[in-house]
Amino acid sequence: MKTCLITGITGQDGAYLAKLLLGKGYRVVGLLRRSASSDVIGERLRWLGIYDDVELMDGDLTDISSVLRIVQAVKPDEIYNLAAQSFVASSWNQPLLTGQVTGLGVVNVLEAVRLLELPSRIYHASSSEMFGLIQHPIQSEKTPFYPRSPYAAAKLYAHWMTVNYRESFGLHASSGILFNHESPLRGIEFVTRKITDGVARIKLGLAKELPLGNLEAKRDWGHARDYVQAMWMMLQQDVPDDYVIATGRTTSIRDFCRLAFGHVGLNYEDHVVTDPKFFRPAEVDVLHGDASKAKKALGWEPTVSLEKLVIEMVEADITRHQLKLRA
Ligand code: NDP
Ligand code: GDR
């Protein structure tokens, strides 16, 4: 039986990845940071019905002693470093914390594996946000980076440290440059989930308006379930490497609204209002990925269309609100 350690196991990707790896027969251990709201932590693992199947160990990614203690005790075959302050908009409000968790955090993982001389394979969650002010209309592993937020700058540091430990110390460390991926388990502050939750509330008569920021930004959106599959595939390769994971289709926030409201027979223009509070100090206008390397080397391809993703998310949010109304 293989053992894996997942940092960020309570997040969207951590939960889907844990489910995937349990299904493959792994012992799944997660690093869990202490919270005063321990009753809601683990909600995503419960939603997927796997809360009792994973082992959660107390620690924090920014605390090297936690990471060393857990890695030493668990001796994981594979480590997936997904923990981060992952909300771009908050990174302007918490730039130093974002640097510590999203930037420096992975170095604790890399150092733990190096110092303990373990053969653990490491996956690090890099991001398409690193392309920022895009230097090429379609972004691949060869496209130069131009980060546009404290979050993206932190991810860039973490990305290069992962590459550096691979090249310096021969660690089996891979970096997935993942484009946006969504699901019913997406955090409510991210635009897709904010929209599908808004659609559900408006449809059920719980709200009338949905305030949003820049509707013209475009993103390459896939389904998180497909993307965690790519993470696992990367660690099954003999040679570690970096891969772009994307659908190859880009869509504006406006068109996402059109699809989501349209699914329940509403016109987004009747409900979406613009609130300058949701505009960012520096915007990433468009992201559009080229995942042909992953397709060729890993055999990875997305399986869920944007239309299907939108429907799954809207339906899940309607169900959530209906359950709350009945309770
Ligand atoms: P989430 O925000 O849903 O999850 C983040 C996770 O990190 C949570 O489990 C959170 O714990 C944990 N975490 C935050 N700070 C710490 C800390 N100091 N110590 C330990 N754990 C911590 O993110 P996603 O699942 O969406 O993303 C996973 C990773 O992939 C992130 O690194 C993100 O930046 C990156 N990424 C995501 C993309 C996407 O589209 N989803 C695209 C590209 C990259 P808690 O539950 O306690 O808050
Ligand atoms: P992003 O995701 O910044 O791409 O980062 P988010 O969904 O927050 O924003 C996408 C785009 O939508 C625009 N937007 C709004 N965004 C939010 N959150 N709320 C709004 O009301 C709103 N209105 C318009 C934004 O300006 C932006 O252009 C996500 C995260 O998961 C990162 O961790 C990850 O690295 C990247 O995706 C790839």
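Start with Leu82: one of its polar backbone atoms sits 2.9 Å from an oxygen atom of ligand 1. Keep in mind that what you're looking at is a predicted model. The model holds two ligands worth a closer look, and Ser86 and Tyr151 turn up among the closest residues to ligand 1 and again among the nearest ones to ligand 2. Ligand 2 lies between two domains, because both of them give residues to its shell.

**Ligand 1 and its surroundings**

- Count the neighbours of ligand 1 and you get 25 residues, with Thr10, Asp13, Arg33, Ser86 and Tyr151 as the closest.
- Leu82 isn't alone in offering its backbone: a backbone N or O atom of Gly11 lies 3.0 Å from an oxygen atom of ligand 1, and Ala84 has a backbone N or O atom 3.2 Å from an oxygen of this ligand.
- On its own, ligand 1 has 900 Å² of accessible area, and the protein covers 89% of that.
- Three elements each give two or more residues to the shell around ligand 1: helix α1 (12-23), strand β5 (121-127) and helix α5 (150-169).
- Which element gives the most to this shell? That's β5, with 3 residues.
- Sorted by class, the shell around ligand 1 has 11 nonpolar, 9 polar and 5 charged residues.

**Ligand 2 and its surroundings**

- Around ligand 2 there are 23 residues, and the nearest are Ser86, Ser127, Tyr151, Arg280 and Glu283.
- Ser86 uses its backbone here, with a polar atom 2.6 Å from an oxygen atom of ligand 2.
- Ser127 and Tyr151 use their side chains instead: a polar atom of Ser127 is 2.6 Å from an oxygen of ligand 2, and one of Tyr151 is 2.5 Å from an oxygen of ligand 2.
- The protein covers 96% of the 700 Å² of accessible area that ligand 2 has on its own.
- In this shell you'll find 10 nonpolar, 6 polar and 7 charged residues.
- Why does ligand 2 count as lying between domain 1 and domain 2? Domain 1 (3-181 + 221-245) and domain 2 (187-219 + 250-285 + 305-326) both give residues to the shell, so ligand 2 lies between them.

**A look at Gln12**

- Gln12 is part of helix α1, one of the elements that give residues to the shell around ligand 1.
- Is Gln12 buried or exposed? Its relative accessibility is 8%, so it counts as buried, since the cut-off is under 20%.
- The Gln12 side chain makes a polar contact with the side chain of Asp13, at 2.9 Å.
- A polar atom of the Gln12 side chain also lies 3.5 Å from the backbone nitrogen of Arg186.

**Cysteines and disulfides**

- A disulfide is a covalent bond between the sulfur atoms of two cysteines.
- How many disulfides does a search of the whole structure find? The count is 0.
- Two cysteines to find on screen are Cys4, which is buried at a relative accessible area of 0%, and Cys257, which is also buried at 0%.

**Ser65, and a long way along the chain**

- Look for Ser65 in helix α3, which spans residues 64-74.
- With a relative accessible area of 45%, Ser65 is partly exposed, because that value falls between the 20% and 50% cut-offs.
- Ser65 and Gly265 are 200 residues apart along the chain, and their C-alpha atoms are separated by 53 Å.

Note on methods. Residues are numbered from 1 along each chain as its sequence is written. Chains are lettered from A and ligands numbered from 1 in the order in which they are written. This is a predicted model: local features need pLDDT of at least 70, side-chain atom pairs count only at pLDDT 80 or more; totals for chains, interfaces and linings use all residues. Side-chain values use heavy atoms; hydrogens and water are left out. A residue is near a molecule or strand if one of its heavy atoms lies within 4 Å of it. A polar contact is a pair of N or O atoms within 3.5 Å; within protein, one must be able to donate a hydrogen and the other to accept it, and residues adjacent in sequence count only if both atoms are side-chain atoms. Accessible areas come from the Shrake-Rupley method with a 1.4 Å probe; for residues, only the protein chains shown count as cover. Ala, Val, Leu, Ile, Met, Phe, Trp, Tyr, Cys and Pro count as nonpolar, Asp, Glu, Lys and Arg as charged, and the others, Gly among them, as polar. Domain bounds come from an automatic or database domain assignment. Helices (H or I, at least four residues) and strands (E, at least two) are DSSP runs, numbered from the N terminus. A disulfide is a pair of cysteine sulfur atoms within 2.5 Å. Buried means under 20% relative accessible area, exposed over 50%, partly exposed in between (1.4 Å probe, protein chains only).
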